[in-house]
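Thanks for coming. I have one structure for you today, and I will put it on the screen before saying anything about it.

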Amino acid sequence: MERQEKVIIRARGINRLALAGLSRLRFETTPLSRATLYLPDCPNPDSIRTESEFDPIQTQTQTQHVKDKRKERRMKLVLAGASASLLLLLVVGAVATSNYEDSGNSNLNTRAMHSSSKSVKMICSSTDYQRACESSMSKVVTSDTSDPKVLLKAAVTVVLDEVSKAFAHSKLLKSNDSRVRGAVEDCQQLYENSKAEINATLQSIVASGIDHLPSRSHDMRTWLSAVMTYQQTCIDGFPEGEVKTKMHEAMKSSKELTSNALAMIGQASSFLSLINLPGSNRRLLSASEEHEAVTSGLKKNGYPSWVGEDDRRMLKEHLRVKLTPNVTVAKDGSGKYKTISEALAAMPKKHKGRYVIYIKAGVYEETVNVTKKMANVTMYGDGSTRTIVTGSRNYIDGTRTFQTATFVAMGDRFVAMAMGFRNTAGAAKHQAVALRVVSDRSVFVNCRMEAYQDTLYAHTNRQFYRGCVIAGTVDFIFGDASAVFQNCLLVVRRPLPNQQNIITAQGRLNRRETTGFVLHQCRIKADNRLNDASLPPIRSYLARPWKEFSRTIIMESQIDGFIHAEGYMPWEGDFALSTLYYGEYNNDGPGANASGRVTWPGVHVIKKEEAERYTVENFIQGSSWIPATGSLVRLGLRS
């Protein structure tokens, strides 16, 4: 006997206008009480462009224009009225059940389920670790709720609980090994970072209406991606052996739940963006604003006009805001403080607006830490070869890579301009970081980062580098941030004789993370010693996968011929070769010929539509925070 199926939609608070909008939707039912929604004539969400990306539309008459606007407003009202119910149906699934009726067999009756358990089961269906999701969520969602905000808040709350347990486990690891004790200390700092990111995510869920979720989704997924990275950084800090294995096992559950939360927020946001609810679109700069941001201060070839010219003069050309310092640092005593660390220590705990620190020319031999509590700090110097922060901490002499950085930027919205960051330990000391960046929405303009292995640790969150010089050898741009490098000069130096050069080692751990490195309109060149024909040749590569889902995109850049034709090298064996994503688009120069690239599944020469996903605007939502810093920025592709 055929089984007749019907879908019963139980939803409270849907008015007639909303139901009118629902009538255009088509449903198909499948076993296990799942419902699939089809939107008529709806394009792929990845192909949807915002209004400002289209040419202005000229209407036939003003009357027709008014009619179109009224029709658009009516449709948005319809969709807004239905949005909460549709979200529950698609993403949470708590308001839709399938009721099966068998005309010939009365024994085929389904058992009733509590609303809360159905809500949990359906919201977990989008995750990679469904069993862990259902088990953890069922302990928190005990009432009969179908409120998506409550469910998403629960998903993040269980992450906080599990992360706290996992990091607490590190305190139980006793050892006489100084490396283990140091790693435990690092884990406690990383736990504090994780708590801050998770709490920010929870606050964003509570403060936002469900129809504004898409506009906040990027923030929340950025922060949860950072939490994923902090957990792995804690593990990586332990030396190989039993202790590291125990820490890896302790983090397993918390990493799974973090991945689940990323999946749930991402799915909810994608649906709401698809139906284009009010509040789901971000503002883009106008064409005239972007033209101004891109063309001022650039040479005709499109590369930064600072190349070969004095940094301070070019700082004036590039900035569109006048900086007035709150304090001045001068090594010669002509400022209020002689060290950068003293100026930071004296910073008021509560300060409205930006706290601007001017650092006069000089070489500052100190380890600087702009802590998480120090938000909205701007530092500017007299040029990246004149105002220099330097140190020499390194791995060979016993310092963990995480702690080798000369300068650490952790406070959100940090800005640095016309400064140099160095680690002078040298190639023989292996990992020696010049700059480590955790700060979300951080900007570096006309700065210089110099070291050998692991020069720039782009650790977490959204970062933007404009007109910077970054020099190194092995993995000299590494980490798990969402970072865009625009109009930067990447200088590859000569490593140790037994080493090979790799420019990037991006560390994306999980496919749900929003992270990756984008090199846009950069130039990749070798320094004079690397090109010295009298010395043994060194192979140089664009990237290798530090973690399983490593992601790097190089577009509209100039790549010199010293880069090996294969382009990329493996980390070890076949690790990550089928899960990484490396894309190249419209590059120039003898090293840009992709015909000899490795044939791994994740290596692509991409088309414009794909490249647009990795622009400053689409990848790190740059229009909402970069222009305010005074930095020039190209939000889209050059061509």
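Which residues have the most contacts inside the largest nonpolar core? This is a predicted model, and in it they are I357, M379, F407, F421, F444, Y465 and F485. That core has 63 residues.

Take F485 from that list. Beyond four places in sequence, F485 is in contact with L456, Y465, I470, I477, F517, V518, L519, H520 and C522. Apart from this core there is another one, made up of 57 residues, including V141, Y230, L262 and A268.

Now the sheet. It is open, has 11 strands, and pairs in the parallel sense. The order reads β5-β6-β9-β12-β15-β18-β21-β24-β27-β29-β30. At the edges are β5, residues 327-329, and β30, residues 603-605. Each of these two has a single partner strand, so one side of each has no neighbour in the sheet. On average, neighbouring strands here are turned by 10° against each other, with direction ignored.

At the β30 edge, the partner is β29, residues 581-585, and the two strands pair in parallel over 3 bridges. One residue pair to look at there is E584, whose bridge partner in β30 is V605.

Last, confidence. The chain has a mean pLDDT of 81, and 73% of its residues reach 70 or more. Residues 1-62 stay under 50, and the model has 80 contacts beyond four places in sequence for them. Residues 77-114 are also below 50, with 91 contacts in the model beyond near neighbours in sequence.

That is what I have; questions are welcome.

Conventions:
Residues are numbered from 1 along each chain as its sequence is written. This is a predicted model: local features need pLDDT of at least 70, side-chain atom pairs count only at pLDDT 80 or more; totals for chains, interfaces and linings use all residues. Side-chain values use heavy atoms; hydrogens and water are left out. A nonpolar core is a set of buried Ala, Val, Leu, Ile, Met, Phe, Trp, Tyr and Cys residues joined through side-chain atoms within 4.5 Å. Buried means under 20% relative accessible area, exposed over 50%, partly exposed in between (1.4 Å probe, protein chains only). Contact means heavy atoms within 4.5 Å. Two strands pair if DSSP finds at least two bridges between them. Helices (H or I, at least four residues) and strands (E, at least two) are DSSP runs, numbered from the N terminus. Axes are lines fitted to C-alpha atoms, for helices over the stretch in contact, and angles run from 0 to 180 degrees between N-to-C directions. pLDDT is the predictor's confidence in each residue, from 0 to 100.
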